[in-house]
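Colleague: I am new to this structure and would be grateful for a guided reading of it. May we take one kind of feature at a time, with the general idea before the case?

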Amino acid sequence: MGSVVRVRFHGGLVRGWILGPTGDVPSRMLRVERLASSVRAFDPPMLELFRWVADRYVAPLAAVIGRAVPPRVAGEEGGASRPAAVPAPVARGPRTSVLPAYRGAGAMLRAIAAHETATFALRPAPEDEAAVIVESVVACLASGRRALVLVPEADPVPSVATALRDAFGDRVVSLVGGDRRERYRTWMRIARDEGDVVVTTRPGVFAPLHDLGLIAISRESHPALREDRAPYFHAREVGLARARLAGAVAVLSALCPSAETAASGMPVVEPPARRWPPVEVVKPGPEGRAPRLVQALRTTRRGFVFSPLPGYGIARVCRSCGEPAACAACDGVLRQQRGAVRCIVCDAVGACARCGGTTFGIRRGGQERVEEWASRAAPVPVRRVDTPRLPHDGEILVGGADDVRDLGVGALDLVAVLDADLAARRPGVTARERALAVWMEAVGWARPGGRAIVQASDPSDPAVQALVRGNASRFHEHERRRRADAGFPVGVPVFRVTGDERVAADLRELDPVTMLVALGGVGAPTVCLLAVAHDRLEAFGAAMRELAAGGVVDRVEADPHL
Ligand SMILES: [Zn+2]
Ligand SMILES: [Zn+2]
């Protein structure tokens, strides 16, 4: 099983995998031309996981295997296999020990030590984010099994990955980035048990390590854990399934858990007392500049200002004809950024839709403008983030959501969150959840000694309250009700199905929890968005395969961003 073979199909040789013997031989069969490699691409437990992914996300098994197993690179298949290596005990652990003081950590560490199948939600204090994962891995290795650690992004290297390298040295294998050859070489090393700890990003949830005792997911609410190409999958869900199938412990860690984790009822592991910076909520002043914030910046030596919008401002009015400003090419919004005005929709050089004029009255706001006014208030240089990093001593950085990464302990004097109101106006069922996770990660940088200021019009908003408390439980309760009212309850799989005019009627027969239909016009496809209860997934998958074969269904996308 797992052997890679070549099969002639439509005149070309395509890749295939041996799944095992079968008594159910179809009438039309193709011959295997040759064995492509002596290395097996997967073993029985991994195939079980692939089948789970194919069922859960309604994807062809071959597509799942094709994504999970990197393309082989001939010359990289040398290396001798080590005889059934078991992880050696940890020689030296990290010096500090934060987990034992956490509430609920005893049960988690015992489950890891006793090789139980269990899941835990870990809510670290911001300064413990890397340490709690390192210590979970220590427990796993001490029990004689290996650990898989998922991080949302590879570059810059997350502090969790650096801490693992510091603690375990060469026992850590990083499966992140790299070209095709390098990825395949690393994948082979993992399959040969050459590392005891694998640190990887989303696709690495399928890394072929054996004797798995722990899957730890750092920043489990991060959107990068969702695969947005077919076959769609979510690395958190796949990680949970893999841990279940392998009899391992899954640990989902985040300052702000995902709605799914919060709704799951899994045991929570957290510090015994609140460890969160003091957070002050102020009303946005003129241009989103609260006097309280300007005053705080005057005494800040190291800080971060979160501003969700790029640029210097938005064109309001055409200076030539006096009409409201809009893009001449597409009627889109025009933004001033790096000294030039461009359309945010089509990127055309800014020209008035009415008269072609190129000078505009600008409504100021955005990271460039924040840099300008904050520079006048602060005693130290204020800069926009170029590549994500923490500010140096004597520096204030201005950045957006993409600049908030796992960069380690912040120890900043001040973190400011601007334009919190924008998150509520953003479209999408999960937009607020994503905004809150980013705010919390940024505000966490004010630990251990700093403070935070949030500019928001409504201090009683559940997301703002979660940010003040450093705890998203009530926000998630609120979101659960909101999602249920909208017909897309948290944790219920959602699919976007594209097909012809017959598709909606066929889907209704499957009795979905919710279904929204956008009827196609003449010649355009019909798009259906539906929530399918877990116990109906199998029937749904079977129906989709049948409808696809019949030409009714064109595309099935699992868990689209709502
Ligand atoms: Zn445009
Ligand atoms: Zn004009």
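Modeller: Let us begin with metal geometry: four donors count as tetrahedral if all angles lie between 85 and 135 degrees. Please keep in mind throughout that this is a predicted model.

Colleague: What is the geometry at the site of the zinc ion (ligand 2), and which residues coordinate this ion?

Modeller: The site of the zinc ion (ligand 2) is tetrahedral, because the angles among its 4 donor atoms run from 105 to 114° and the cut-off asks for values between 85 and 135 degrees. The coordinating atoms are the SG atoms of C318, C321, C352 and C355, at 2.3 Å. Along the chain, these donors follow the spacing C-x2-C-x30-C-x2-C. The pair C321 and C352 links distant parts of the chain, 31 residues apart: C321 is in the loop between β13 and β14, and C352 is in the loop between β15 and β16 (360-364).

Colleague: Are C321 and C352 buried or exposed?

Modeller: Here one needs the cut-off: buried means under 20% relative accessible area, exposed means over 50%, and partly exposed lies in between. C321, at 31% relative accessibility, is partly exposed, whereas C352, at 3%, is buried.

Colleague: Which residues coordinate the zinc ion (ligand 1), and at what distance?

Modeller: The zinc ion (ligand 1) is held at 2.3 Å by the SG atoms of C327, C330, C343 and C346. With angles of 100 to 116° among the 4 donor atoms, this site too is tetrahedral. The spacing of its donors is C-x2-C-x12-C-x2-C. C330, in the loop between β13 (313-318) and β14 (334-337), and C343, in strand β15 (residues 340-343), are 13 residues apart and link distant parts of the chain. C330 is partly exposed, at a relative accessible area of 33%, while C343 is buried, at 3%.

Colleague: I should next like to understand the interior. Which residues have the most contacts inside the largest nonpolar core?

Modeller: The general idea is that in soluble globular proteins, nonpolar side chains tend to be buried together. The largest nonpolar core in this model has 69 residues, and those with the most contacts inside it are F50, F495, V497, L507, F540 and M544. Helix α1 (residues 44-56) gives the largest share of this core, 6 residues. To follow one member, consider L507: leaving out residues up to four places away in sequence, L507 touches V497, P512, M515, C528, L530, F540 and M544. There is also a second, separate core of 37 residues, which includes A163, L214, A216 and V249.

Colleague: What is the volume of the largest pocket, and which residues lie nearest its centre?

Modeller: The volume of the largest pocket is about 750 Å³. Its lining has 33 residues, and H234, R236, E237, E260 and D559 are those nearest the centre. Two or more lining residues come from each of α1, α7 (235-246), α8 (259-264) and α12 (431-443).

Colleague: E260 has now been named. Where is V490, and which residues is V490 in contact with?

Modeller: V490 is in the loop between α14 (473-485) and β21 (494-499). Setting aside neighbours within four places in sequence, V490 is in contact with A259, E260, A263, R480 and R483. V490 is buried, with a relative accessible area of 15%.

Colleague: Let us finish with the backbone. Which residues are joined by a cis peptide bond?

Modeller: As a general guide, most residues other than glycine have a negative phi, and most peptide bonds are trans. In this model a cis peptide bond joins A230 and P231, with omega about -5°, and another joins R447 and P448, with omega about 0°. P231 is in the loop between β8 (212-218) and α7; P448 is in the loop between α12 and β20 (451-455).

Colleague: What is the phi of H10 and of R219?

Modeller: Neither residue is a glycine, yet phi is positive in both: about 50° for H10 and about 55° for R219. H10 is in the loop between β1 (3-9) and β2 (12-17), and it is exposed, with a relative accessible area of 75%. R219 lies in the loop between β8 and α7 and counts as buried, at 4% relative accessibility.

Conventions. Residues numbered from 1 in each chain as written. Chains lettered and ligands numbered in written order. Predicted model: local features only at pLDDT ≥ 70, side-chain atom pairs only at ≥ 80, totals over all residues. Heavy atoms only, no water. Donors = N, O, S within 2.8 Å, 3.2 Å for Na, K, Ca; no water. Tetrahedral: all angles 85-135°; square planar, octahedral: opposite > 155°, others 65-115°. Helix = DSSP H or I, 4+ residues; strand = E, 2+ residues; numbered from the N terminus. Buried < 20%, exposed > 50% of the residue type's maximum accessible area, 1.4 Å probe, protein only. Contact = heavy atoms within 4.5 Å. Core = buried A, V, L, I, M, F, W, Y, C linked by side-chain atoms within 4.5 Å. 1 Å grid on protein atoms, 1.4 Å probe; cavity = no way out; pocket = protein on both sides within 12 Å on 5 of 7 lines; lining within 4 Å. Points joined across faces, edges and corners; volume = space filled by probe spheres on them.
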